[in-house]
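Me: Please choose a single part of this protein and look at it closely with me, then work outward to its surroundings. I am in my first year, so I would like each step of the reasoning to be spelled out.

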Amino acid sequence: MAVDRERVERLTRELLEAIGEDPDRPGLRQTPARMAELYAEYFAGVHEDPAAPLAHTISVARGPAPETLPSGAVLMRGVRFRSVCEHHLLPFSGHAHLAYLPGEQVVGLGALVKVVEILAARPQVQERLGEQIADTIAEHLDARGVLVVLDATHGCVTMRGGRQPEASTLTIAARGAYADPAARAELITLIGAGPAPESWGDR
């Protein structure tokens, strides 16, 4: 089911009235429609299947370039994402770094980006988002190991409460071979984000 834009508009009018505003004044007249458009975009992934982009895989041995069998991880760094924290409905955004250790099947890199986009386009918390990305790749791709590192800033930290504009949050989700801290240390070094790999080992 898609986002109910008409209902979002009605509820936005109610919200404006609830905070003591007049939704019919010139500056706010278009706000309910804008919010409906915004929510339709931000929450488009609520009923999407994040595994769908991984359905089309490429056989390494029988594919167009069998001589290019990967001997190590496929690592994609710096995938920009944005989501909405389900606690305060404030945005959080940052970069996802994705790695998998291929088996016989590989996937187009754009499919990995799409997995992130679908799972981020719903009310989320960063910890769960990383775990869901890792699970989706591990369960639907012929991967011997999966590593997902998310580095993001949160509106609930930067704009309210402690108001720490420089603070960012780092989370790690690992599956298969990369559940071993020693096995993922090289990848974390290559990602080049945050503390030294040895300080991430037990996360």
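Reply: Two residues are said to be in contact when heavy atoms of one lie within 4.5 Å of heavy atoms of the other, and that is the sense of packing used below for the part I have chosen, helix H3 (109-120). The model is a predicted one, with an average pLDDT of 89 over the chain, and 89% of the residues score at least 70.

To place the helix, it helps to read the whole chain, which has 6 helices and 7 strands, in the order α-α-β-β-β-β-α-β-α-β-α-β-α from the N terminus on. Of the 203 residues, 39% count as buried, and among the contacts between residues at least 6 apart in sequence, 66% join residues at least 24 apart.

A simple check on H3 is its length: at 1.5 Å a residue its 12 residues should span 16 Å, and the end C-alpha atoms are 17 Å apart, so the two values agree. The same kind of check works for helix H2 (residues 31-42), where the expected span is 16 Å and the end C-alpha atoms are 16 Å apart, which agrees.

Which residues of H3 are buried? They are Ala-111, Leu-112, Val-115, Val-116, Ile-118, Leu-119 and Ala-120, and these buried residues pack against H2, E2, E3, E4, strand E5 (123-124) and H4. H2, one of these partners, has buried residues too, namely Thr-31, Pro-32, Ala-36 and Ala-40, and what covers them includes helix H1 (5-18).

The next step outward is the largest nonpolar core, which has 29 residues, and of these Phe-81, Tyr-100, Leu-129, Ile-133 and Val-148 touch the most other members. Strand E2 (74-85), strand E3 (91-102), strand E4 (105-107), H3, helix H4 (126-140) and strand E6 (143-154) each supply at least two residues of this core, and H3 gives the most, with 6 residues. Apart from this core lies another one, of 11 residues, among them Leu-101, Ile-172, Leu-187 and Ile-191.

Leu-129 shows how pieces of the chain come together, for, leaving aside residues up to four places away in sequence, it touches Phe-81, Phe-92, Leu-119, Ala-120, Gln-124 and Leu-150. Two of these neighbours, Leu-119 and Ala-120, are among the buried residues of H3 named above. Glu-127 is also found in H4, but Glu-127 has a relative accessible area of 49% and is therefore partly exposed. Although Glu-127 and Ala-173 are 46 residues apart in sequence, their C-alpha atoms are 8.3 Å apart in space.

Strand E3, which H3 packs against, holds His-97. With 8% relative accessibility, His-97 counts as buried, since the cut-off for buried is under 20%, and its side chain reaches the backbone nitrogen of Gly-78 at 3.0 Å. Another histidine, His-154, has its place in strand E6 and also counts as buried, at 11% relative accessibility. Beyond residues up to four places away in sequence, His-154 touches Pro-91, Phe-92, Gln-126 and Thr-169.

In the loop between E2 and E3 lies Leu-89, with a phi near 55 degrees, a positive value in a residue other than glycine. Leu-89 counts as partly exposed, at 44% relative accessibility.

Why do Cys-85 and Cys-156 not form a bond with each other? The sulfur of Cys-85 is 4.5 Å from the closest cysteine sulfur, in Cys-156, which is too far, because a disulfide requires the sulfur atoms to be within 2.5 Å. Seen from the other side, the closest cysteine sulfur to that of Cys-156 is the one in Cys-85, also at 4.5 Å. Both residues are buried, Cys-85 with a relative accessible area of 6% and Cys-156 with one of 17%. A search of the whole structure finds 0 disulfides.

One caution belongs at the end of the chain, where pLDDT stays under 50 over residues 193-203, a stretch for which the model has 19 contacts beyond four places in sequence. Where pLDDT is low, the predicted coordinates should not be read in detail.

Technical notes
Residues are numbered from 1 along each chain as its sequence is written. This is a predicted model: local features need pLDDT of at least 70, side-chain atom pairs count only at pLDDT 80 or more; totals for chains, interfaces and linings use all residues. Side-chain values use heavy atoms; hydrogens and water are left out. Helices (H or I, at least four residues) and strands (E, at least two) are DSSP runs, numbered from the N terminus. The expected span of a helix is 1.5 Å times one less than its number of residues. Buried means under 20% relative accessible area, exposed over 50%, partly exposed in between (1.4 Å probe, protein chains only). pLDDT is the predictor's confidence in each residue, from 0 to 100. A nonpolar core is a set of buried Ala, Val, Leu, Ile, Met, Phe, Trp, Tyr and Cys residues joined through side-chain atoms within 4.5 Å. A polar contact is a pair of N or O atoms within 3.5 Å; within protein, one must be able to donate a hydrogen and the other to accept it, and residues adjacent in sequence count only if both atoms are side-chain atoms.
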